[in-house]
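Got your viewer open? Load the model, pick a cartoon view, and keep the selection box handy.

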Amino acid sequence: MTLTTITPADSANVEVKKTVKRDELMEIEKHWQADWKESRLFEVDMPESDDLTTDELHAKYPKWMGTIPYPYMNGPLHLGHGFSISKIEFATGWERLKGKRALFPFGFHVTGMPIKASADKIANELAMFGPNFELPQEIEDDCEALSEKVEDMSVDVTPKAGANFKSKKTKAVAKSGGAKYQFQILQAQGISNEEIAKFADTQHWLEYYPPIAMADINALGCKVDWRRAFLTTDHNPYYDSFARWQFQRLLDNKKIKFGKRYTIWSAKDAQPCMDHDRQSGEGVNPQEYTGIKLEILEWSEHGSQTASAIPELAGKRIFLVAATLRPETMYGQTNCFVGTKLEYGFYLSNKADEVFVVSERAARNMAFQELSPENGKVVKLGTISGQAIIGSKVNAPLSEYKGGVYVLPMENVLATKGTGVVTSVPSDSPDDYAALRDLKKKPEYYGIDPKWVEDFNPIAVLSTEAYGEMSAPTLCEKLKINSQKDRVQLAEAKEAAYKEGFYSGTMSIGDFKGLAVQVAKQMVRAQLIESGDAVGYAEPEGLVMSRSGDECVVAKCDQWYIDYGEESWKALTKKCLAQMNTYGDDTRAQFEAKLDWLNEWACVRSFGLGSKVPWDESFVIESLSDSTIYMSYYTISHLLHRSLDGSEIGPLGVTADDMDYSAWDYVLLGKDLPSGHSKAAELAELRRSYLYWYPLDNRSSAKDLVQNHLTFFMYNHTALFPEREWPRSVRINGHLLLNSEKMSKSTGNSLSLREACDRYGADATRLALAVAGDSMEDANFEEPIANAEILRLHTLKEWVTDALEALAASEKTPSEETRINSVALCPASAPYTTLDRVFNAKLDMYTLATGAAYEVMMYREAIINGLYEFLALRDWYRETSAATGMHPTLLRKWISRQVIHLCPVAPHWCEHVWRTLMGNTTSILNARWPTDLPADADHALLSAGEYMMKLVKSVRDAEASLQRRSKKKGSKDAQAGEFNPSEPKTLDIFVASSFPQWQEDVISVLKECFDAATSTFDDKAIQAALGQRGLLKNKKAMPFAQVTKKRVSLLGPAAFDRALTFAEIDVLSALLPYMSNNMGYSRVNIVDLGSAGELGSALATVAESAVPGEPGILVAKA
């Protein structure tokens, strides 16, 4: 054996060969991207026609405009961005095929805290580590340890297609997921230290990342009209003017208000921290509680010792403060709970003689809610353990136990939720009931005095129809909850009790007895607060971390807020939603739920990037509030300016100063311009452009923006624009997984948009994105699929090249057969055979299915039908017509359809085939969807095609079965010798012209017992009728009846008619050449049982099983 030694140079050549197909496709992509840019193919304008109204323009020159939320420019785009971009990108291609002027504009968001916070970090790190970012050894060691926890992913030379990126370890610099410092994140992107230093200036972020994003989007081959691109904030004076105008008009329309409101607050930044200002916790809102003040009546021995050792507590009234969502149930308090392992603090309240005992987290929130001596300042007098509080007696406001109740231990009290103190109402809280029951059963085990619980029993507080006056005990018994450790059942019981109590409960006790709980809840709360027995308290629903790195609280502060949730505005927005296409009930349900509970939204900040608030320039507009109607700005931005920052004035010569509020009122709202306006003609052109492109046809986004941006988007459109200009549709997608796992830099499972395009090329990446998924469930970008698409596209390109060469040769000799490589053509002058007609019908069917999928933005289905199944159809046609050749007319149609099908998703490949191979002189992106399609598929021919495929499979199955039987010793088939499918063999096919009478009789019974109005069968009547006719004696009758019933339930009454829509003998005859040449049968005999006469016993047995559409098959050795 000779071994071949491969040198490093040889190895490099092997690597090149492995990517040669990808590289060839990428060269094609680069060529056409350059061509599209040079021809300005994606720059789409309104038609020039002054004498037509807007409606007439739309009728004569239909338009479509789609957008995605503009990405935030604090880093390069990742593949998740690419996934969202792809939805509108594919839709743009589809709308162009429909003959519309399809516009895909794009902008860049820089408003808010992320860039400011990152720039500040770089400035601090420069001061700490110098311009070369040299870490002290102890910090470097710490970073090295951190970097070893993550998979390093920087690219080492050129990766193999489909291989994972690996990197050489860098000392102290991991990928951004493992980076401790901001400069390390930038270093991991390949940015030099000299360049990183410039990022201390927020301006550099705005100049650095947008051009990179534009290049990456271009590398994907997107149809973006870059003339319309812009940056937000006052960095662009035109957009700044637009944002300020929007805010002023919202104020004028009383949609923006001022007052004290709870809001998520960053103490470090000293301002509200809204969704896009957060490092984590997006979508988390303030949760409002009632803080019940449980005054200490008598300390436990341990508690007394602790409290007396703190001199500042002398003369103070001390309250445990319990946070509750159900103030109306306070009449039923039997005790309160604390966590024995938690530490509590004594915190001075806003009243000099009152001290609150709560967790430190709760005290920090209270300090920003006017519940401490000084706003934002926590005054802590001392600490006490939860264990020390156990056994203390407290006054429980409203409770029937007027002498006080005891503080008891509870296993599941959390320091991260509420105040750490839990008031107990065992009549209506399953958790409280289970805990109290445990304490009563085992007081010694829990270390309590039995007298603390023995005389404290549940009190009826409210009555419900489902669970009576004791919801908690009833549910605990029903769900067999034995202790407070049964967390799953308790969670179920809690949800049931709370829901039933709130929606159908009636008060059984107190001043509001007889009132519905929904009404009484706020009345009881107000009464408790007014009497001084409670305070209003709020905290974040979950952990929120600001971009500046501090844990946020809820603050009660004077603020400007948008009054989302106001009833009349909400009704208008619900009307907008009702008119919109949401492409699915799940999306609509999410919006409806959000509209039902969304309320006031803090809309200004003290600092960060943004446009200044028009009426108070000490504030800037919050990042989710300046980005709700900017889709309208796209309609005119290309006429206003031709640079991201607005420094290059647009073709109309309109300056930012010209765009005052009256100008915006005219252009976007149609209000009259002041007489003699110096730019009246230019503004009229802007108005025409706006009216042509608006309303927005589609807004596509990931599902996380339903909770904020997309709902704000609807609200703001209904507040400012007339109904005809409200958005028409919203398409929501899930997040993008990478190889079935969540994308994360910290785990190394991440891929940027640029990396994907460099690794797989644009079209393969786009195809993998298209088939990743379309629903609200998370989609999955699979790298093996992207890799497979490279081979698929390259192979198909090569085959189409051969096919077009064969077609060209056929045109020269139309009366002769043509064969080039794997392409065999029958004479072009030949009439269509049955095979040809079936192929043509299926070709139309897949084109119809592909178009239907594109229309509803189901791109996975579009590719399955328009590429995968379409290729399989070609393979079937090529194989079944191998003996005679494919028809040139149909092959040309298939190639043209294939290119059109793929055009929205793989435009570079399609452009190459369309123009380079097929010789068209105009771009495929200006082509049209086929107009020669039937209104519906030809079901008769499709049935014939299904029959052919089913028959071939049945023959293959018969061969396999005979082969197995012939191997069994002693069997009848074995006596004839072992069957080998590759040796000479014969095939008899028995065709029946009518169904057995017993089947017809069963069908007749089923028809008689079928109710067309309800589409149901009377099973008792069927049983009786079959018995009367003696059909139950036939063992096949009932199974046949059940199968027929299922067919009717699926297809309707038409399923009763089993007559074939095609001539079975003719279809079989069309398959004869295939069976002889491809399947290897030396003789194929088609037996028409209607005229065959008497058959031998062996043949008769097979023939007996034949019915129309399901022939009998006999395979034998020749």
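What follows is a walk through sheets, helix pairs, a couple of backbone details and two annotated stretches.

First, the ground rules. This is a predicted model, in which local features need pLDDT of at least 70 and side-chain atom pairs count only at pLDDT 80 or more, while totals for chains, interfaces and linings use all residues. Residues are numbered from 1 along each chain as its sequence is written, and side-chain values use heavy atoms, with hydrogens and water left out.

**Stop 1: a parallel sheet**

Select 63-67 and 698-702. These are strand 1 and strand 24, which run parallel and are joined by two bridges. Helices (H or I, at least four residues) and strands (E, at least two) are DSSP runs, numbered from the N terminus; two strands pair if DSSP finds at least two bridges between them. Zoom in on T67, and you will find R699 of strand 24 as its bridge partner.

Now widen the selection to the whole sheet. It is open, has four strands in the order 2-1-24-25, and pairs in parallel fashion. Add 101-103 (strand 2) and 730-733 (strand 25) to get the edge strands, each of which pairs on one side only. From one strand to the next, the twist averages 15°. For angles throughout, axes are lines fitted to C-alpha atoms, for helices over the stretch in contact, and angles run from 0 to 180 degrees between N-to-C directions.

Next, add 680-693. That is helix 23, which packs on this sheet, touching strand 1 and strand 2, and its direction makes about 85° with that of strand 1. Contact here means heavy atoms within 4.5 Å.

**Stop 2: two backbone details**

Which peptide bond should you look at after helix 23? The one from Y694 to P695, which is cis, with omega near 10°. P695 sits in the loop between helix 23 and strand 24.

Then jump to S740. Its phi is near 70°, a positive value in a residue other than glycine. You will find S740 in the loop between strand 26 (736-738) and strand 27 (741-742).

**Stop 3: an antiparallel sheet**

Select 256-266 and 553-562, and you have strand 3 and strand 19, antiparallel and joined by ten bridges. W265 stands opposite V553 in strand 19.

The full sheet is open, with four strands ordered 4-3-19-20 and antiparallel pairing. Strand 4 (271-272) and strand 20 (601-602) are at the edges with a single partner strand each, so one side of each has no neighbour in the sheet.

**Stop 4: short strands and a hairpin**

Select 604-605 and 616-621. Strand 21 and strand 23 run antiparallel here, with two bridges joining them, and R605 stands opposite V620. Now add 612-613, which is strand 22; two bridges pair it with strand 23, again in the antiparallel sense. V613 faces D616 across that pairing. Strand 22 and strand 23 form a hairpin, with two residues between them.

**Stop 5: two helix pairs**

Select 430-441 and 487-504. Helix 14 and helix 17 pack at about 130°, with their axes 8 Å apart. That angle makes helix 14 oblique to helix 17; angles under 35 degrees count as roughly parallel, over 145 as roughly antiparallel, 65 to 115 as roughly perpendicular and the rest as oblique. Show side chains for P430, D431 and A434 of helix 14 and for R487, L490, A493, K494 and A497 of helix 17, which make the contact. By class, that is five nonpolar, no polar and three charged residues. Ala, Val, Leu, Ile, Met, Phe, Trp, Tyr, Cys and Pro count as nonpolar, Asp, Glu, Lys and Arg as charged, and the others, Gly among them, as polar.

Move on to 762-770 and 783-812. The axes of helix 26 and helix 27 come within 8 Å and cross at roughly 125°, which makes helix 26 oblique to helix 27. On the helix 26 side, pick D763, A764, L767 and A768; they meet I785, A786, E789, I790 and L793 in helix 27. This contact has seven nonpolar, no polar and two charged residues.

**Stop 6: annotated stretches**

UniProt lists 702-783 as "domain: Methionyl/Leucyl tRNA synthetase" in an unreviewed entry. UniProt positions are given in the numbering used here, feature names are shortened, and annotations may be inferred rather than shown by experiment. Colour that stretch by secondary structure: 37% is helix and 16% strand, and its end C-alpha atoms are 21 Å apart.

Finish at 991-1059, where UniProt (unreviewed entry) places "domain: Leucine--tRNA ligase RagD-binding". Residues 991-1059 are 54% helix and 7% strand, with the end C-alpha atoms 14 Å apart.
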